[in-house]
Amino acid sequence: MKKQIAIVILLFTATSSLLMAGSIETKFVPTQPADNSWSFNLAIYGWATAIDGTISAGGRSADVDIAFKDVLKHLDMTFMGAAELRYQRWGFMGDLVYARLHDDIAPPAGIVFSSTHEVVKETIGTFLLSYRVVDAKPAFLDLFAGARVYSFYSQIVLRPNLGRQGFSANGTTTWADPIIGLRGRYYVSRAVFLNGYGDVGGFGAGSELSWQVLGGIGVQAARWLDLQVGYRALGFEYQGGRGSQEITTHGPIMGATIRF
């Protein structure tokens, strides 16, 4: 039962995928100085997630507490990446988190199915338009607005036993949350900087509440390369036709950003 609950939770959360990320968001995407009209940044990152929360369905609820090592055992494939295109004080940011997970459960003796195979495919995309309200050394501050799109695909296959016919079912759940927030950076020295990011959204349009925060530290390893580490947490409260979820995904995150 615990494994079944874990797969259901993975259906409704960002893992690293995360993350993940995940989003993810584009916290790890720096910008060029203001004297360059156009700039482009590409980031690849990894998010080691743990999952906490509560799920409800059919009038019943269950608490969930899944460590990163348990998520990792079910992970088949993951990708996390972000990009930002800037023109002077304006920026357009995109972030993608994809993960494919599985679980195989052996039923009790005497059950007509030999085993249960479950597959979850998770995609989270974030799209933001930002404006730099503060652009003065040694810091900058951006305000942004946009949307975070969630898409979760799940498949359950009951393998036959005792001459019985097998069974397969699948479905997809998709929703989008409007979000607003800010991000900033402060340079402690010419090479070392601190990052901060926060957003809030949902507002009943998709989730009842969606939020994310990130804090980290980075170093400019070269004129074209930044390396960063930090801690990220993402949560949402979603009410759907089949139940509800209040989930928080959190853990350390690290990444590299290439500037063009």
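How many bridges join strand 10 to strand 11? The count is 13, and the two strands run antiparallel. I'll come back to that pair after the overview.

This is a predicted model. The protein has 260 residues, and 45% of them count as buried. Its secondary structure comes to 2 helices and 12 strands. Along the sequence, the order is α-β-β-β-α-β-β-β-β-β-β-β-β-β. The exposed surface is about 12600 Å², with 62% of it supplied by carbon and sulfur atoms.

Now the strands. Strand 10 covers residues 209–222, and strand 11 covers residues 225–240. A hairpin of 2 residues connects strand 10 to strand 11. Within this pairing, glycine 218 sits opposite glutamine 228.

Strand 10 also pairs with strand 9, residues 192–202, through 11 bridges, again in antiparallel fashion. Here aspartate 199 stands opposite glutamine 212 of strand 10. The hairpin of strand 9 and strand 10 has 6 residues between the strands, and in it phenylalanine 203 takes a positive phi near 55°.

Next, the interior. The largest nonpolar core holds 29 residues, and the members touching the most others are Tyr45, Leu101, Leu128, Tyr150, Trp175 and Phe236. Strand 5, residues 90–105, gives the most to this core, with 4 residues.

Take tyrosine 150 from that list. Leaving aside neighbours within four places in sequence, its contacts include Trp175 and Phe236, which are also among the core residues I just named. Tyrosine 150 is further in contact with Thr123, Ile124, Thr173, Thr174, Asp177, Ser210 and Leu234.

That is what I have for today.

Key. Residues numbered from 1 in each chain as written. Predicted model: local features only at pLDDT ≥ 70, side-chain atom pairs only at ≥ 80, totals over all residues. Heavy atoms only, no water. Buried < 20%, exposed > 50% of the residue type's maximum accessible area, 1.4 Å probe, protein only. Areas by Shrake-Rupley, 256 points an atom, 1.4 Å probe, with all protein chains shown as cover. Core = buried A, V, L, I, M, F, W, Y, C linked by side-chain atoms within 4.5 Å. Contact = heavy atoms within 4.5 Å. Pairing = 2+ DSSP bridges.
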